[in-house]
Amino acid sequence: MSPLFGPRRGAAPLDGVDAVFADLDGVVYAGPHAIPHAVESLNRVAETMPVAYLTNNASRSDEQVAAHLRSLGLRPSARDVVTSPQAAIRLLAASVDPGSLVLVVGGDGIVTELERHGYRVTRSADDAPDAVMQGFHPDVGWRQLAEAAFALNAHGGPGEPGGIPWIATNMDWTIPVERGIAPGNGTLVSAVHTAAGRFPEVAGKPEAPIFDEACERFGAERPLMVGDRLDTDIRGANRAGMASLLVLTGIDRAKQALAADAASRPDFIVADLRQLHDPYPEVERRRGGVRVGRAEVRVDGRRVVIERDGDEPLDLLRAACLAIWECGTAIHALDVPERLYR
């Protein structure tokens, strides 16, 4: 049974865990700045178990990411950073041998990993590349996207068989930055998809390769995935059979948590990373409702009813999530009190 549906009395999210896998954007930092309480909380975790930093953002190398994290006060080495380009190498190696020429759409994160594993890099379809690897970089524009489309269509028109391998580091539709929410790699991949008439293989969350890479590297058997996105971090952890924790400091907040589909529901919901270390409130089902801490919510037909607000707003959200998730009715068909979204 999922911890959110029945944690042990007094247990914290970290209890029974042998590693923490932490997302970056929206969890550790937003833009160049640390999210409050993230650094001290993760440093505390690292005193007792490995902390791996999993990122779908392919614009930087592992050492560049580690250097950024160290500048914020964390203490990782490059080995502690698991990037989507590293996971993409797993997919590439299955179909294209080292020494092959790969057209890159993206930045240093992809180039570093390709060269580290013996691949050659080009930016032009005219060089007849053996594969295309695409990842996010803020400078990616029409010309790079067009080169990818030209390379993918070189052996026929859009959607024709016989094309070269195409690997996307990730499919995040958005990315949190200092100024707000911006388009992510998924939007750029979709532009190439439109021109090429086919879909890429995907390495990053929620797909398996990045989780496989992290588990193998750290020998983790019971990791906890900490993320801010239901569609990548939490869905990927669920697919990989590992516990997951949603922190409400990034992309997905209360409204998205309430509406989470069955594949994207976290085991824990916290306001910030200090609560990694705190006892998680007990869950009790009573009179057709769900009680978490002192908050209680039930679903009566099409109405979501708040029986008790309790003394902790997050417990009210946790209780509402469970009541809605278990009621068997899609949230768009329910009358949900507006204050649950706050």
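This is a short tour of a predicted model, going from the whole chain to one annotated stretch and then to a single loop residue.

Begin with the entire protein chain selected and drawn as a cartoon, where the secondary structure comes to 10 helices and 19 strands. The radius of gyration is 21 Å, close to the 20 Å that the globule rule gives for 342 residues, so the chain is as compact as a globular protein of that length. If you orient the C-alpha trace along its principal axes, the spans to look for are about 65 × 45 × 35 Å. Among contacts with a separation of 6 or more, 67% join residues that are 24 or more positions apart.

Next, switch to a surface view of the same selection. The chain exposes about 14700 Å², of which carbon and sulfur atoms supply 49%, while 55% of the 342 residues count as buried. Colouring by charge brings out 36 positive and 47 negative side chains, with the centres of the two sets lying 7 Å apart.

Now select residues 297–326, where an unreviewed UniProt entry places the feature "domain: GCN5-related N-acetyltransferase-like". In the model this stretch is 47% helix and 33% strand, and its end C-alpha atoms are 12 Å apart.

Finally, select Pro 279, which sits in the loop between strand 15 (268–270) and strand 16 (283–286). Is Pro 279 buried or exposed? Its relative accessibility is 58%, and because exposed means over 50%, Pro 279 counts as exposed. To close, draw a distance from the C-alpha atom of Pro 279 to that of Ile 306, 27 residues apart along the chain, and the separation is 24 Å.

Methods:
Residues numbered from 1 in each chain as written. Predicted model: local features only at pLDDT ≥ 70, side-chain atom pairs only at ≥ 80, totals over all residues. Heavy atoms only, no water. Helix = DSSP H or I, 4+ residues; strand = E, 2+ residues; numbered from the N terminus. Rg over C-alpha atoms; globule rule 2.2 N^0.38 Å. Buried < 20%, exposed > 50% of the residue type's maximum accessible area, 1.4 Å probe, protein only. Contact = heavy atoms within 4.5 Å. Areas by Shrake-Rupley, 256 points an atom, 1.4 Å probe, with all protein chains shown as cover. Lys, Arg positive; Asp, Glu negative; His and termini not counted. Charge placed at Lys NZ, Arg CZ, Asp CG, Glu CD. UniProt positions renumbered as here; feature names shortened; annotations may be inferred.
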